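Visitor: I'm new to reading protein structures, and I'd like a close look at one part rather than a quick tour of everything. Could you pick a spot inside the fold and walk me through who sits beside whom?

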Amino acid sequence: MNHSETFAISKIVHEIRNPLTLINSSLQLIQQLHPEVKDFQFWGQTLDDVSYLGSLLDDLASYNDETRFFRCEVDIRQLALSLEESIRPFLLETHKHFSLHVPSHLPSVFGNPVKLRQAFLNILKNAFEATSDQGCITMSVRKYLSDIIVIISDDGCGMNEEYLANIFTPFISHKSGGSGLGMAITKKIIEAHHGQIDAISVLGKGTTFTITLPHMNILV
């Protein structure tokens, strides 16, 4: 990542952090004045998501600082289930469909859980934006030999060859108001975990992302 890209990301982080601080303060004030809001079904998840966003900003700000690239054993199954829980309010609001297929037992991966969550959420966000009302998105996770395979598919608008060729290129976006950073950061996160990400798309039929991550063999 060159100096101009680093500067742009730092500016974006700064611009997001200010309103996020205000949002967090407002949520805390609402809970203080109306403690009954804690009984709302999605209140706890909303607070968790705001907290996660703060962590994500911290992580993004230090993206080039390898000394802060904390790694640990990551339960990829639990991470997938947490993602499903986080997007549930959005699904209820938009009436879109999401299905998660994950086995009961999976090996862990060695990496950064915040960065991996960010990568998967970026892909899911693109999938939801690409689908129309009642659109369908699927996410499946499985073990294959020494790898964990994550496949995220949607039945949305798809992309032509030009869009697909540039999907991981920083600062190139075909979306109105898009920064062109989301998928570029996603690719860098996956590669930093010694993984690989590929995309195939058919215009008018949908897009599929395949992420391959090496898993930890905890018996060795």
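Guide: Here is a walk that starts at one leucine and follows its neighbours outwards. Keep in mind that this is a predicted model.

Let's get our bearings. The protein chain has 6 helices and 7 strands. Reading from the N terminus, the elements go α-α-β-α-β-β-α-β-β-α-α-β-β. Of its 220 residues, 38% count as buried. Now take the contacts whose partners have a separation of 6 or more: 71% of them join residues 24 or more positions apart. Keep that in mind, as our spot gives you an example.

Our starting point is Leu 83, in helix H3, which covers residues 76-94. Is Leu 83 buried or exposed? Its relative accessible area is just 1%, so Leu 83 is buried, given that the cut-off for buried is under 20%.

So who keeps Leu 83 company? Skip the neighbours within four places in sequence, and Leu 83 is in contact with Arg 117, Phe 120, Leu 121 and Met 139. Pick out Arg 117 from that list. In sequence, Leu 83 and Arg 117 are 34 residues apart, yet their C-alpha atoms are 7.5 Å apart in space.

Let's move over to Arg 117. With 9% relative accessibility, Arg 117 counts as buried because that value is under 20%. Arg 117 also has a charged partner: its side chain meets that of Asp 49 in a salt bridge, at 3.6 Å from N to O. This pair ties together distant parts of the chain, with Arg 117 in helix H4 and Asp 49 in helix H2, 68 residues apart. Asp 49 has a relative accessible area of 24%, so Asp 49 is partly exposed. Follow the trail back and you have Leu 83 in helix H3, touching Arg 117, which in turn bridges to Asp 49.

While we're in helix H2, look at Leu 53 as well; this helix covers residues 43-61. Leu 53 is partly exposed, with a relative accessible area of 33%. Together with Ile 12 and Ile 16, Leu 53 makes a nonpolar surface patch of about 190 Å².

Now back to helix H4, and to what comes just ahead of it. Asn 112 sits in the loop between strand E3 (109-111) and helix H4 (113-130). Asn 112 counts as buried because its relative accessibility is 4%. What does the side chain of Asn 112 reach? It reaches the backbone oxygen of Phe 70, at 2.8 Å.

Let's return to helix H3, where we began. The structure holds 4 salt bridges, and one of them is formed by Glu 85 and Arg 88, whose closest N and O atoms are 3.2 Å apart. Why are these two about one helical turn from each other? They are separated that way because Glu 85 and Arg 88 are 3 residues apart in helix H3. Glu 85 counts as partly exposed at 32% relative accessibility, and Arg 88 does too at 34%. Set those beside Leu 83 in that helix, which is buried at 1%.

For a companion case, go to helix H6. There, the side chains of Lys 187 and Glu 191 meet in a salt bridge at 2.5 Å, N to O. Because Lys 187 and Glu 191 are 4 residues apart in helix H6, about one helical turn separates them. Lys 187 is partly exposed at 25%, and Glu 191 counts as partly exposed at 42%.

One last stop, at the loops that follow these two helices. His 95 is in the loop between H3 and strand E2 (97-101), and His 194 is in the loop between helix H6 (182-192) and strand E6 (196-202). What's worth a second glance is the backbone. Most residues other than glycine have a negative phi. His 95, though, has a positive phi of about 65 degrees, and His 194 has a positive phi of about 60 degrees. His 194 counts as exposed because its relative accessibility is 66%, which is over 50%.

Terms used: Residues numbered from 1 in each chain as written. Predicted model: local features only at pLDDT ≥ 70, side-chain atom pairs only at ≥ 80, totals over all residues. Heavy atoms only, no water. Buried < 20%, exposed > 50% of the residue type's maximum accessible area, 1.4 Å probe, protein only. Contact = heavy atoms within 4.5 Å. Patch = residues over 30% accessible without salt bridge, like charges linked within 9 Å, V, L, I, M, F, W, Y side chains within 5 Å. Areas by Shrake-Rupley, 256 points an atom, 1.4 Å probe, with all protein chains shown as cover. Polar contact = N/O pair within 3.5 Å; in protein donor to acceptor, adjacent residues only side chain to side chain.
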